[in-house]
Amino acid sequence: MATSIPDGSVTAAMLANNAVTSAKLDPETTGIVNVRSFGAVGNGITDDTAAIQKTLLAGAAGNKVIFIPAGTYKVSSARMRNPSSNEWWCLRVPSGANLFFEPGAKLVLAPNPPSDTRVVVITGVSNITITGELEIDGSASTVRGNVNDQLHGLFIYNAQNVSIESAYVHDCYSDNIFVGGLEETPSVNVVIGYARCETAGRKNFVVHYVDQLHVGTAVLNNTRGGAPKFAGENSLDLEPDDFKGTRSFYQRFDYLTTTGFGNDLSAGLSDAIAKQWTLDIGTLDMRVAGTTAPALLSYGLTLNIDQLSVQSLDGKAGFGLQTLYSQFINIGKARFTNIGGPAIYAAASAGGKPRVSIGSLELFGTGSKLASGIRIDGGDLNISSVEAQDLAGSSLHVFTTENNTMVNIDNMIVRNSGVNQVVFASSYGAAKPYVHLGNVAVFDTRTTKVKRIMEFETAAAMQGTSFGTIYNPYLIPEWFSTYGNFKRSLRLVGGTVLPAVFLVEGSPEGIVTAPVGSIAMRTDGGTQSSMYVKESGTGSTGWKGK
């Protein structure tokens with residue numbers, strides 16, 4: 001039964017400005033159930049949990065819209081109301097529920113909640129629709145005593161076909177929004193049009209075992225997150241537990257902006273796992289401050305980003321993008337600004353290696369005294385174009401720790417960057433790098449310019465590097481070997497089986513291994529020793545001076 005309307009309480013003016021609607025006056029005859037009809041007060045003082053839960057059950061059973069009018073609704077878990085209860089949720093949404101939150105409606109968790117309290121739980125159910133804006137205040141500042149990190153705001157677990165128009169979840173002692181389940185029984189087809197999260201004691205938005213997650217716009221700010229001190233924390237966290245790869249998972253964010261410590265995305269370690277988990281992001285705009293940790297740490301999945309922007313507001317982030325183990329990363333356009341270390345760091349580890357492919361990459365050092373460009377430690381890298389400006393360190397550092405490391409950059413433009421070198425290449429043990437730089441242009445208008453364009457630490461690194469063209473208008477030394485105990489030889493073009501062209505210091509005989517028909521141009525040659533042709537043999541012999 002609807003609550004009686006006192007005589008004279010409804011005026012023509014109230015009806016005219018829509019302050020009173022048919023849903024508020026007589027919801028049960030309009031296909032709507034109103035939480036006020038079941039005793040909810042919405043004054044922020046009275047505990048409205050039981051009244052709202054009754055409304056949820058009645059609305060789902062009667063296939064009616066559950067209407068939550070403007071107001072502040074205090075809710076508590078059954079455990080808070082009765083310490084002997086094992087029910088840790090405040091509100092549990094049943095299958096088929098259709099909720100509408102009027103503008104100004106808000107759920108507030110009662111003060112000092114115990115461990116495992118979750119405000120809105122959508123678990124083991126299907127066909128849930130929430131329209132309007134769902135706002136949840138997790139009351140994190142009221143938490144006292146020794147509690148765990150399982151105090152969530154919106155908790156979706158093993159649920160199917162969930163549609164949420166808008167969710168604003170903030171100040172939860174653990175995660176503001178958690179979407180997941182089990183690998184065998186994940187959440188499937190969860191759509192959130194707009195998600196806004198602020199100040200989580202753990203993470204703003206957690207992606208767990210969920211397939212076909214689609215978030216339109218997500219605005220995540222965790223600059224004041226991180227329990228118990230609340231000095232900052234990561235925003236987006238992709239973290240399935242012990243993913244075995246028994247099925248594939250896919251998630252999509254159309255537009256994602258995060259502010260705080262950064263984001264952590266990890267599904268596993270191996271290629272097989274990385275191929276089974278895909279995260280697509282249209283635009284990812286990140287602003288980080290307050291930590292030396294990587295702004296974006298990612299491994300063990302396939303990560304596709306159309307446009308990526310990472311800015312360290314204080315220049316302290318140790319890496320812009322750090323990727324380890326097995327990883328497939330595809331980025332259309334990326335920009336890194338003021339990183340306090342390498343903008344990109346890709347390292348092979350545990351038998352796997354990251355593969356990074358970028359269309360257009362911009363690197364800006366601005367005020368950071370530690371900003372550098374790309375560091376590859378055994379990973380694969382393919383970039384169409386790179387523009388680096390005002391970097392303190394090298395624009396590209398390749399340290400080959402495994403064979404079959406492939407680095408290819410079609411076009412590279414460097415402006416006023418580096419102290420010792422623009423590109424540094426090295427190798428470890430028997431590992432051989434394969435580095436190709438198509439076109440390199442170096443501009444340096446500084447009084448003290450970078451010392452050289454290419455620096456090689458090992459002979460293997462030099463012999464595994466090839467160049468297209470170098471545009472060097474400021475006449476910077478173009479190559480240099482850190483140690484003088486090996487003769488220098490640089491591959492310009494060519495292959496391993498087909499003839500190649502080399503630039504050498506001294507005779508190539510006994511030094512440069514190449515197919516018959518290859519050419520070596522000597523930088524310090526003279527008559528009949530300025531160019532050599534490989535006329536015979538399969539190793540480093542058979543070179544004849546011309």
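Okay, one term before we start: a nonpolar core is a set of buried Ala, Val, Leu, Ile, Met, Phe, Trp, Tyr and Cys residues joined through side-chain atoms within 4.5 Å. Keep in mind, too, that what you see here is a predicted model.

So, the core. The largest one in this structure has 118 residues. Which residues have the most contacts inside it? They are I122, F205, F253 and F336. As for who gives the most to this core, that's strand β19, residues 277–288, with six residues. There's also a second, separate core of eight residues, and A500, A514, A520 and W543 are among them. As a general background point, nonpolar side chains tend to be buried together in soluble globular proteins.

Let's zoom in on F336. Leaving out residues up to four places away in sequence, F336 touches L308, V310, G320, L321, A343, I344, L361, E362, L363 and F364.

Pick L321 out of that list, and we land in strand β22, which covers residues 321–324. Here L321 and T323 point one way, Q322 and L324 point the other way, and all are buried. That fits a general pattern: in a regular strand, side chains alternate between the two faces of the sheet.

Now, what does β22 pair with? One partner is strand β20, residues 296–299, in the parallel sense over four bridges. Within that pairing, L321 is the bridge partner of L296. Another partner is β24, again parallel and over four bridges. There, T323 stands opposite A346.

Follow β24, residues 342–347, a bit further and you come to the loop between β24 and β25, where K353 sits. Is K353 buried or exposed? Buried, at 12% relative accessibility. Its contacts, again not counting residues up to four places away in sequence, are Y325, S326, Q327, A348, G378, G379, D380, N404 and T405.

On to charges. In general, side chains of opposite charge can pair when their charged atoms come close. How many salt bridges does a search of the whole structure find? The count is 16, and I'll show you three.

First up, D271 and R355, where the closest N and O atoms are 2.8 Å apart. D271 is in helix α5, residues 271–276, while R355 is in strand β25, residues 354–364, so this salt bridge ties together parts that are 84 residues apart in sequence. Both ends are partly exposed: D271 has 26% relative accessibility, and R355 has 25%.

Next, E387 and R415, with 3.1 Å between the closest N and O atoms. This pair also links distant parts of the chain, 28 residues apart: E387 belongs to strand β27, residues 380–389, and R415 to strand β29, residues 405–415. E387 is partly exposed at 26%, and R415 is partly exposed at 30%.

Then there's R452 with E455, whose closest N and O atoms are 3.0 Å apart. Are these two buried or exposed? R452, at 15% relative accessibility, counts as buried, and E455 is buried as well, at 6%. The cut-off for buried is under 20%.

Last thing on charges: D175, R202, D237 and E239 are joined into one network by salt bridges that share partners.

If you want a place to begin browsing, try F336, one of the residues with the most contacts inside the largest core, and step from there to L321, which F336 touches. That's me done, thanks.

Terms used:
Residues numbered from 1 in each chain as written. Predicted model: local features only at pLDDT ≥ 70, side-chain atom pairs only at ≥ 80, totals over all residues. Heavy atoms only, no water. Salt bridge = Lys/Arg side-chain N within 4 Å of Asp/Glu carboxyl O. Helix = DSSP H or I, 4+ residues; strand = E, 2+ residues; numbered from the N terminus. Buried < 20%, exposed > 50% of the residue type's maximum accessible area, 1.4 Å probe, protein only. Contact = heavy atoms within 4.5 Å. Pairing = 2+ DSSP bridges.
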